[in-house]
Amino acid sequence: MKVLIELDALKFHAFHGVSPQERAVGNDFMVDLAYAADGMERAVRSDDIHDTVSYADVYLTVKNVMSEPSQLIEHLAGRILCALKSRFPRLTYMKLKVTKLTPPIDGEARSASVTLEEKW
């Protein structure tokens, strides 16, 4: 059995971007992620928090990374992935999507996103 935990639509106001205005005013971002870890299938039967990777702790890690500005959302996504891998060494899989909700482009777009997926 494979257990996959998903956190959808984590919303943050943060100051990531290339332009000085983005870094001063900020923008709204959403983070979606899914992860698996060694031994998480035990939690299905054990009902023990030690057999899983707590999504509350994952959220706090993402929140901390979001508070440190990056110019590119690609870099931001990479920093989130690295922070999660470092804090939770049991992780074996991660799919992470970072979305800037109102990208500063000369045109109309609801959002701009980058997705990273890694299995290790």
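**Helices on a sheet: asking why**

Me: What makes you say that helix 3 lies across two strands, and which strands are they?
Reply: In this predicted model, helix 3 (residues 55–66) lies across strand 1 and strand 2 (27–37). Helix 3 runs at about 30 degrees to strand 1. Angles here go from 0 to 180 degrees between N-to-C directions, so a value like that says the two directions roughly agree.

Me: What about helix 4, and which strands does it touch?
Reply: Helix 4 (residues 73–87) packs on the sheet and touches strand 2, strand 3 and strand 4. Its direction makes about 150 degrees with that of strand 3. On the scale from 0 to 180 degrees, that is towards the upper end, so helix 4 and strand 3 run in roughly opposite directions.

Me: In what order do the strands of the sheet come, and which way do they pair?
Reply: The order is 1-2-3-4 in an open sheet of four strands, and the pairing is antiparallel. Strand 1 (5–14) and strand 4 (112–119) are the edge strands, as each pairs on one side only. From one strand to the next, the twist averages 15 degrees.

Me: How do you know that strand 3 and strand 4 count as a pair?
Reply: Count the bridges. A pair needs at least two. Strand 3 (residues 91–100) and strand 4 have eight, in the antiparallel sense, so they qualify. For one of those contacts, look at V98: its bridge partner in strand 4 is V114.

Me: Which residues touch the most other members of the largest nonpolar core?
Reply: That core has 29 residues, and V31, L33, I80 and V98 touch the most other members. Strand 1, strand 2, helix 3, helix 4 and strand 3 each give two or more residues to the core. Helix 4 gives the most, with six.

Me: What does I80 touch, leaving out residues up to four places away in sequence?
Reply: I80 touches V31, V62, V65, M66, L96 and V98. Contact here means heavy atoms within 4.5 Å.

Me: Why is S54 called buried or exposed?
Reply: The cut-off for buried is under 20% relative accessible area. S54 comes in at 17%, so it counts as buried. It sits in the loop between helix 2 (42–46) and helix 3. Leaving out residues up to four places away in sequence, S54 touches Y35 and I49.

Me: And why does D47 get its label, buried or exposed?
Reply: Exposed starts over 50%. D47 has a relative accessible area of 75%, so D47 is exposed. D47 is also in the loop between helix 2 and helix 3. Its phi is positive, about 60 degrees, although D47 is not a glycine.

Me: What makes A9 stand out in its phi, and where is A9?
Reply: A9 has a phi near 60 degrees, a positive value in a residue other than glycine. A9 is in strand 1. Its relative accessible area is 40%, which falls between the 20% and 50% limits, so A9 is called partly exposed.

Me: How many helices and strands are there in the protein chain?
Reply: Four helices and four strands. Read along the sequence, they follow the pattern β-α-β-α-α-α-β-β. Of the 120 residues, 40% count as buried.

Definitions and conventions. Residues are numbered from 1 along each chain as its sequence is written. This is a predicted model: local features need pLDDT of at least 70, side-chain atom pairs count only at pLDDT 80 or more; totals for chains, interfaces and linings use all residues. Side-chain values use heavy atoms; hydrogens and water are left out. A nonpolar core is a set of buried Ala, Val, Leu, Ile, Met, Phe, Trp, Tyr and Cys residues joined through side-chain atoms within 4.5 Å. Buried means under 20% relative accessible area, exposed over 50%, partly exposed in between (1.4 Å probe, protein chains only).
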